[in-house]
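Visitor: Please pick one part of this model and go through it closely, then show how that part connects with the rest. A plain account will do.

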Amino acid sequence: MTAPLKQVHRSLFHGRTMLLRFTVTRGGSPLDLTSAKFTLTAKRDVKDADVDAVFQLTTAINSAPTTGVFEMEIPKTATATLAVGEDSEDLVYDVVVEDVASKTYTLETGILTVFPSPTKAEELV
């Protein structure tokens with residue numbers, strides 16, 4: 001499986017849930033993701049060890065693996081421990097997939113900016 005590496009800048013509000021949707025294709029056709037495992041890791045610095053990540057989420061493919069589409073949810077608890085205050089915090093992140101043959105590919109990498117939430121009453125913290 002070869003997928004073009006996407007570098008993006010995503011944003012979310014502190015203490016909020018974010019749903020990410022990905023489509024994995026090869027030659028324009030959906031890739032069968034049966035038995036694939038997906039991991040999203042977010043860190044303050046790319047040099048940080050995985051155990052020191054702000055959060056790391058792992059999920060298996062959802063209900064339709066042959067469509068090449070999968071979703072990952074960043075739960076509100078993932079950013080609740082950040083001391084965002086009045087400033088935003090930038091995290092480096094990547095999304096990797098491990099296929100049934102145990103080959104690992106990076107699907108997306110970039111910056112995840114966590115902004116303070118304007119609605120304080122709904123924050124988890």
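Guide: Two strands count as paired when DSSP finds at least two bridges between them, the strands being DSSP runs of E that are numbered from the N terminus. The model is a predicted one. The part to look at is the hairpin formed by β8 and β9.

β8 covers residues 89-98 and β9 covers residues 104-115. They run antiparallel to each other and pair over ten bridges. One of the residues with a bridge is D90, whose partner in β9 is T113. Five residues separate the two strands of the hairpin, and in that turn S102 has a positive phi of about 65°.

From β9, the next step is a charged pair. E108 forms a salt bridge with R10, with 2.8 Å between the closest N and O atoms. R10 belongs to strand β1, residues 6-13, while E108 is in β9, so this pair ties together parts that lie 98 residues apart in sequence. The two ends differ in exposure: E108 is buried at 3% relative accessibility, whereas R10 is partly exposed at 22%. The cut-off that separates them is 20% relative accessible area, under which a residue is called buried. Side chains of opposite charge can pair when their charged atoms come close.

This is one of four salt bridges found by a search of the whole structure. Among the others, E71 and R21 meet at 2.9 Å, N to O. That pair also links distant parts of the chain, with E71 in strand β7 and R21 in strand β2, 50 residues apart. E71 is partly exposed, at 29% relative accessible area, and R21 is exposed, at 55%. Another salt bridge joins K43 and D50, whose closest N and O atoms are 2.8 Å apart. K43 is buried, with a relative accessible area of 11%, and D50 is partly exposed, with 44%.

The hairpin strands also take part in the largest nonpolar core, which has 28 residues. The residues with the most contacts inside that core are F38, L40, F55, F70, I74, L91 and L112. Each of β2, β5, β6, β7, β8 and β9 supplies at least two of the core residues. Their spans are 18-23 for β2, 37-43 for β5, 55-60 for β6 and 69-74 for β7.

β5 offers a residue to follow from there. T39 lies in this strand and is buried, with a relative accessible area of 11%. Leaving out residues up to four places away in sequence, T39 touches Q56, L57, T58, M72, D94, V95 and V96. With T58 there is also a polar contact between the side chains, at 3.5 Å.

A last stop is the loop between β1 and β2, where G15 is placed. G15 is buried, with a relative accessible area of 2%. Its C-alpha atom is 4.8 Å from that of A80, although 65 residues separate the two along the chain. With residues up to four places away in sequence left out, G15 touches K76 and T79.

To return to the hairpin: β8 and β9 pair over ten bridges, both strands supply residues to the largest nonpolar core, and E108 holds a salt bridge with R10.

Terms used: Residues numbered from 1 in each chain as written. Predicted model: local features only at pLDDT ≥ 70, side-chain atom pairs only at ≥ 80, totals over all residues. Heavy atoms only, no water. Core = buried A, V, L, I, M, F, W, Y, C linked by side-chain atoms within 4.5 Å. Buried < 20%, exposed > 50% of the residue type's maximum accessible area, 1.4 Å probe, protein only. Helix = DSSP H or I, 4+ residues; strand = E, 2+ residues; numbered from the N terminus. Salt bridge = Lys/Arg side-chain N within 4 Å of Asp/Glu carboxyl O. Polar contact = N/O pair within 3.5 Å; in protein donor to acceptor, adjacent residues only side chain to side chain. Contact = heavy atoms within 4.5 Å.
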